[in-house]
Amino acid sequence: MTSQWPKFQEMDHVLVLAVCFLALLPGWSCGLGSMSSIAVAYGEDGPVFCALSLTSDGSHIVTCFGTDASVLYGAPPNIPFLGLTAGDGFVCGLLLDSRQPYCWGSNSYVKSGVPQPMIEGAKYSELSAGDNHLFALRAAANEIHGPNAAMSSLIDCWAYNMTATHVIDEAVSTISAGSVFNCGLFARNKTVFCWGDETVSGIVGLAPRNVRFKSIGAGGYHVCGVLENARQVAPASAIGDGDVNIVPMDAIVSVVGGRFHACGIRSLDRQVACWGFALRNSTSPPKGQKMYALVAGDYFTCGVPAETSLMPRCWGNSGPMALPMAVPPGICVPNACSHGYYNYENHGEVGSSKVCKPANSRLCLPCSAGCPEDWYESSPCNATADRVCQYDCSKCVTGECISFCLSQKQTKSRKLIAFQLRIFVAEIVFAIILVLSVSLIAWLYVRHKLQHCQCSNNELRLAKSTAYAFRKDNMGIQPDMEDLKIRRAQEFSYEELEQATSGFSEDSQVGKGSFSCVFKGILRDGTVVAVKRVIKAADMKKSSKEFHNELDLLSRLNHAHLLNLLGYCKDGSERLLVYEFMAHGSLYQHLHGKDPNLKKQLNWARRVTIAVQAARGIEYLHGYACPPVIHRDIKSSNILIDEDHNARVADFGLSILGPADSGTPLSELPAGTLGYLDPEYYRLHYLTTKSDVYNFGVVLLEILSGRKAIDMQFEEGNIVEWAVPLIKAGDIFAILDPVLSPPSDLEALKKIASVACKCVRMRGKDRPLMDKVTTALEHALALLMGSPCVEQPILPTEVVLGSSRMHKVSQMSSNQSCSENELAEGEDQRIEYRAPSWITFPSVASSQRRKSSASEADIPGRTTTDGRNIGSSIGDGLRSLEEEIGPASPQENLYLQNNF
Ligand SMILES: Nc1ncnc2c1ncn2[C@@H]1O[C@H](COP(=O)(O)OP(=O)(O)OP(=O)(O)O)[C@@H](O)[C@H]1O
């Protein structure tokens, strides 16, 4: 073996390499023994893979895996290295601290430790190992003396007959060792120069002249260089045919050489391309795997993948296949990355973010050359990251691009569908929630309205303003007639009503109230009606008030057992209300009229039926009208009986809109009819629906006994004072109307008597609500009729009346006329103590009540022989009240003293 050392001044002329020409661009290389963060030793004792481990502090400690024990265990455990290179059975590293080589292994030429001879203080920037030798490029040119020192390089070689120091007249940028030869690149003109054992390699003479390279990678018996400007130099079909000279047509960023093969990293996609001779059973380089760095053994190659694990993979023959450690993807350099390189930073890859130990050193990786044909650059190469290329789906030419774009499209459309589906589902869920919420709110609202009748403030304000508008002293303040018109009531002309009632003739008159006369009339269409004409009293304000109150209330109420208002007339000072005509007059007329037959006709079944129906009407006022209506004047003369003997509650002149909450009393001045007045109401001015319950209790006692509410011909003139003690004593017979024979089973009447007693209790809160009263009466009726099931009401439940009922009534009424008796009873019915609503009750109790409603002659027994009178009766009532609810407060006492 001869060693040939060229005169370097002549190198451009003498060096010609048998090179494989590779395309393009800046890059670095590591050949059979070029320095890198990884190195693979080969040889008889098997391959060993050594790498600088990626530790948390960037400590550059070497770790080896493989079968050659001398390499494996000879690795210095705690000495940091800048880079590694390896040959046949040995590995050398460039010490981080001294910048000198340090070798270990079993190679007989390369001894373990720092190679000798070593010039003291010499520092190296690069190492490269051949099969049995090592050579290194000195880092500091200042060791060279002479005028050209700055332009010179020193290269030291050790072992295999090559131990020598070479002074080269030009700066050398990089070196790479083959099996028995070395090559370098001149920094200035980028041409290659080689020297070594030409007899074995025959390569030195093949180095091409005047060809500029970016980098070189020497293998066993060849050198491949990355051309500085060339695009492509060999057809792709030549790859893998066994000739290492036939290089791939792809642009390459770096190249390494094995014994008879070479591998490079493609510039565009960073994938590995290998060419040249491969032994049988060799594995192929990984497909679709991007690589940061490559290193070649004799018949195998290893690479650091550009993925988070950074765990090297190997391919080829007899090398290690995978290595269980993360390695840095290159070596650290002390200077800044030059143009075309980027500073590798650990972006979440295994190990620490610190890759290089010297603080100012960095790991520079070459930027990729550009983007492939059907790719586009989404971001350029910058100081810290390589350029990023993505498929340009509008220019796809390769199958990969087409399939990528197709899958992208599918993913996008799948995402779009998933997104739309999510929106659709969200919309459905939202719609369902909305519908449910609205339904729930509506249901709660209706339920609330029905159960508690909590009207909105606006409704209450509107309703109350209408009802209370009449209380204003100013006569001009009246309900808005336009407002009334749009309700159910029809407006009649005075002439029409005058004509219907034959000029309000006496013959047409069927009754008389405190403020009105009632006439039977027949309208032009034949409908029989009752026309209530407000008496033009001295106190027009008051009568007009009742007129409007009744008009207003009736036009908003609608129930089978309430008297239906058909219309009204307001003409000058005339105020007229038009009702359905009640053919059988009032309950008062039947019970207390002059005709005893009428009373007898009203048998127990009819009486209880009327009670039930009237109770239902009142229950409607309390429970279903909104806000609740307090009638305030429930009495037998206001319970009218139609042609079918059904009861209707009438006369809303005194009615008042109660509070939505029936438990909240109104402090209204008392009004009503004597004998029916609720003691709590007239004494404490507490007006609640329970006042109507009291009045109705009196009516029940009237129905049972046939007595008037106040009848002074008896010793005990007040029906409540007389009947309640008897009922409580269980003497039901004593109170039953003697005109009718008692039923065989007294249970029903006992039940009614008991209900009546409860209704006339002193304290309103102790009285039952009307719905309870109705239910009890229904049961009583069922008992009376011998119904087996007392839980079921024997009368049909009424539906709210519509115009059809009005029509039916008018038809039927027109076929009937009021009997003389009924007409005659008109006056009689007024034998009761009726306080006009415009007088507060206490003052009525004395004198005014007498003159207001009934004549003195109508009140027989008003002053009885034993001196009892109404006043005393009321006094008894008050005493009873005081017994029940305790003594009156000082204010109440003062009030009572002044008024009674
Ligand atoms: N729609 C009607 N059909 C038949 N008769 C009626 C009708 N309305 C009232 N009457 C008769 O006219 C009478 C007087 O009724 P009105 O409502 O004017 O006064 P009242 O209620 O009896 O007394 P007050 O006004 O003092 O309370 C009634 O008792 C009844 O006999």
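Begin by selecting leucine 674, which in this predicted model sits in the loop that runs between β39 (672-673) and α12 (679-684). With the surroundings of that residue displayed, ask whether leucine 674 is buried or exposed. Leucine 674 is buried, because 25 other C-beta atoms lie within 10 Å, and the cut-off for calling a residue buried is 20 or more. Now add alanine 709 to the selection: although 35 residues separate leucine 674 from alanine 709 in sequence, their C-alpha atoms are 8.0 Å apart in space.

**The whole chain**

Zoom out next and colour the protein by secondary structure, which comes to 21 helices and 40 strands. The protein has 900 residues, of which 47% count as buried. If contacts are taken between residues at least 6 apart in sequence, 61% of them join residues that are at least 24 apart.

**Two helix pairs that share α13**

Select helix α11 (residues 604-623) together with helix α13 (residues 689-705), whose axes come within 11 Å and cross at roughly 175 degrees. An angle over 145 degrees counts as roughly antiparallel, and α11 is therefore roughly antiparallel to α13. To see the contact itself, show the side chains of Arg607, Ala611, Ala615, Ile618 and His622 on α11, and those of Thr689, Asp692, Phe696, Leu700 and Ile703 on α13. Sorted by class, this contact of α11 with α13 consists of six nonpolar, two polar and two charged residues.

Keep α13 selected and add helix α14 (residues 719-728); here the axes come within 10 Å and cross at roughly 70 degrees. Since angles of 65 to 115 degrees count as roughly perpendicular, α13 is roughly perpendicular to α14. From α13, the residues to show are Val698, Leu701, Glu702 and Ser705, which meet Ile719, Val720 and Ala723 of α14. The contact of α13 with α14 divides by class into five nonpolar, one polar and one charged residues.

**A buried glutamate**

Move on to glutamate 778, a residue of helix α16 (residues 770-784). Glutamate 778 counts as buried because it has 23 C-beta neighbours inside 10 Å. Isoleucine 752 can be added to this view, since the C-alpha atoms of glutamate 778 and isoleucine 752 are 9.8 Å apart in space, with the two positions 26 residues apart in sequence.

**The nonpolar cores**

In soluble globular proteins, nonpolar side chains tend to be buried together. Which residues have the most contacts inside the largest nonpolar core? That core has 108 residues, and the ones to select are Cys50, Leu84, Val91, Leu134 and Cys194. The element that gives the most to this core is strand β21 (residues 291-296), with six residues. Centre the view on cysteine 50, which, leaving aside residues up to four places away in sequence, touches Ala39, Val62, Cys64, Ala75, Leu84, Ala86 and Val91. There is also a second, separate core of 88 residues, and Val529, Leu562, Leu621 and Ala756 are included in it.

**Around the ligand**

Select the ligand and the 27 residues that surround it, of which the closest are Gly511, Gly513, Ser514, Val518 and Ala530. Two or more residues of this shell come from each of β30 (509-512), β31 (516-522) and β32 (528-534), and the largest share, three residues, is given by β30. When the shell around the ligand is coloured by class, ten residues are nonpolar, twelve are polar and five are charged.

**Backbone details in loops**

Most residues other than glycine have a negative phi, and most peptide bonds are trans. The last three stops are in loops, and each has a backbone feature to examine. Proline 117 is found in the loop between β8 (101-105) and β9 (124-129), and the peptide bond that leads from glutamine 116 to proline 117 is cis, with omega near -5 degrees.

Asparagine 281, in the loop between β20 (272-276) and β21, has a positive phi of about 60 degrees although it is not a glycine. This asparagine 281 is exposed, because 8 other C-beta atoms lie within 10 Å.

End the tour at serine 502, placed in the loop between α7 (494-500) and β30, where phi is again positive, at about 50 degrees, although serine 502 is not a glycine. Serine 502 counts as partly exposed because it has 14 C-beta neighbours inside 10 Å.

How values were computed. Residues numbered from 1 in each chain as written. Predicted model: local features only at pLDDT ≥ 70, side-chain atom pairs only at ≥ 80, totals over all residues. Near = placed C-beta within 6 Å. Helix = DSSP H or I, 4+ residues; strand = E, 2+ residues; numbered from the N terminus. Nonpolar A, V, L, I, M, F, W, Y, C, P; charged D, E, K, R; others polar. Buried ≥ 20, exposed ≤ 12 C-beta atoms within 10 Å, placed from the backbone. Contact = placed C-beta atoms within 7 Å. Axes fitted to C-alpha atoms, helices over the stretch in contact; angles between N-to-C directions. Parallel < 35°, antiparallel > 145°, perpendicular 65-115°, else oblique. Core = buried A, V, L, I, M, F, W, Y, C linked by C-beta atoms within 7 Å.
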